[in-house]
Every structure is written in structure tokens, then in C-alpha cells.
Amino acid sequence: MIIKQAEDRNRDVEALNLLLAMPNIGADTKNKITQEIKKIQSGKKGEDEAAYNINFHWGDSKNWMIIHDLRLEYGGHVAQIDHLLLNRFLDIYVLESKRFGEGISINEHGEFSAFYQSKPYGISSPIEQNDRHIHLLKKMIDKGCIELPVRLGFRLKPKLLSLILIANSARISRPQNANKIQGLDRIIKNEQIKKKVHRDIDTENPLSAVASASKIISSETLQTFAQSLAALHQPLSIDWKARFGVKDLPEPPAAIPELPVSAAEAVIETTVEP
């Protein structure tokens, strides 16, 4: 069941296009604004592809809840979570979607690179980025910001799981020692999400499975929990003019109204000395 859809980014693109049309924008600022538009549009495509696969598999299920585009603020920190997928065992998949047109590469040290015109450039680790999202979400849960379900008198704590979703068309180059680098197995393509989630469930050890079964909650309780989580969303409003240092054009001077001829002559007569 879909609890929250993604925010509409078209307004941001429209606002940026209006900036581009302003006559007082320099070439360097225009280039930065154009890159920002491309960044928003590319990110949106990646999130839309991930959302499509998530919604396709679980959008109609009462046993799974979906939250898209959740922005959390707590203790001076922000987590912009692309997608959350929750089930009745209180497993919460924190999903970070990435769209790299030419793919990504990870070396033997766990360092990430993307490509532009076939040339690599370093990027931040999406694994670390998503871990920070999970850390903030866990902190908010531990501090009681989110009302947790209760079963047999005990408050149930969710299990937070990370997945990095890469566009289906992107190439993922992994090092030979990939199994030794923590988190690389959590990087998958969008189309692989269902198999990965089911594999997580199937490979859970028996004792852990028994513990999970003892804390299963109803669909109604899961929905209520997901709605309370979505209610924490803090939408972001960006002042694009301030972001790029664009100033409004000065107001043109007010036009001096022309006086009728007779009135003008009267003014002249009163100002000329006899």
C-alpha cells in the first residue's frame, strides 16, 4: 500500500527556467542553473524507475507499506530518504535510488567512481550516505519521535535494512574482493529488488525467524505506523534566487506625467519673475 507519493519537482524546474530567462544572469550562473536542472531531472528519473518497481510488486499489498520521498529533520541533521518499504515483521528497507547514466565502479578499497563521457570521477559512497539516513531514523525511533507498535505489552522495534537501487541501464563494476567489502551486496539494480527482499527473508536464520514471527503485527497496525512515520516529513522549499545569488532587476523610475499645454503654461507663468 502506498502511504506517501514523491514530491513534485516540476515547480523547482519551472522556477529555475524562469531564472535562466532573466536578462541579468551571467554565463557562469546560467551554466550552474542548467546543471542543477539536469541534476533534478536525472535524479527524478532514477527515483521514478525505482518507485515503479517498488509499487509494481507491493503497491497493492496490505502486508507492505510504501513511503516515497521522506525528508526528516532531527537534532540539526537532515535525512532525505528516497523510499521506505515496511512489512508486518517491522522490517524497514531504507532505499537510496541512484541513476548513473554510464554506471558506477567500486575499487578494492570500497571507493566509488561514476563516469562522464567514459571518464571516471570520484563520488561519495551511496552506502555511507544511506547509513547516515538509517542512523538518523534510528535515533528518532530511539528518542520516541515515532510511536512504535505494542505487542504483549512490549514496544516493538523495527529492523532497519539498507538497499542501494541503481538504474537498470547502468553498469555496476565490482572488485574481485567484493564479498569482503561491507555493504556491496546491498547494491542492486531496480529490477532486482523483489528477488533481493525475498532472499533476505529466505536466508534469515531459524531462531531469528521465530523471533520475527512473535512480533508480527496486523496490516492495520502497520498502516497506522507507516502513516505516523510519513507525518514526520519536512518538505523543503528552496529560494533558488538566493541559492545562485540572483538579484531582482531594479524597478524602472516612475514616469513623470505630462501636463496639458494650458497647465504647463500656467506653471511657467508662476515661476517667471515679473
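This is a short dialogue on reading salt bridges and contacts in a predicted model.

Student: What lets side chains of opposite charge pair?

Tutor: Side chains of opposite charge can pair when their charged atoms come close.

Student: How many salt bridges does the count come to here?

Tutor: The count comes to eleven salt bridges. One of them joins the side chains of Glu73 and Arg71, at 2.5 Å from N to O.

Student: Are Glu73 and Arg71 buried or exposed?

Tutor: Buried means under 20% relative accessible area. Arg71 has 9%, so Arg71 is buried. Glu73 has 40% and counts as partly exposed.

Student: Where do Lys138 and Asp142 lie?

Tutor: Both lie in helix 3, residues 126-142. They are four residues apart, about one turn of the helix. Their side chains meet in a salt bridge of 2.9 Å, N to O. Lys138 is partly exposed at 44% relative accessible area. Asp142 is partly exposed too, at 39%.

Student: Which residue forms a salt bridge with Asp142 from the loop between strand 9 and strand 10?

Tutor: Lys157 does, with the closest N and O atoms 3.1 Å apart. This pair links distant parts of the chain, 15 residues apart. Shared partners then join Lys138, Asp142 and Lys157 into one network.

Student: Now Lys98. Where does Lys98 lie, and what does it touch?

Tutor: Lys98 lies in strand 4, residues 91-98. Leaving out residues up to four places away in sequence, Lys98 touches Pro126, Gln129, Ile164, Leu165, Ile166 and Ala167.

Student: Which side chain does a polar contact of 3.2 Å join to that of Lys98?

Tutor: The side chain of Glu96.

Definitions and conventions. Residues are numbered from 1 along each chain as its sequence is written. This is a predicted model: local features need pLDDT of at least 70, side-chain atom pairs count only at pLDDT 80 or more; totals for chains, interfaces and linings use all residues. Side-chain values use heavy atoms; hydrogens and water are left out. Helices (H or I, at least four residues) and strands (E, at least two) are DSSP runs, numbered from the N terminus. A polar contact is a pair of N or O atoms within 3.5 Å; within protein, one must be able to donate a hydrogen and the other to accept it, and residues adjacent in sequence count only if both atoms are side-chain atoms. Contact means heavy atoms within 4.5 Å. A salt bridge is a side-chain nitrogen of Lys or Arg within 4 Å of a carboxyl oxygen of Asp or Glu. Buried means under 20% relative accessible area, exposed over 50%, partly exposed in between (1.4 Å probe, protein chains only).
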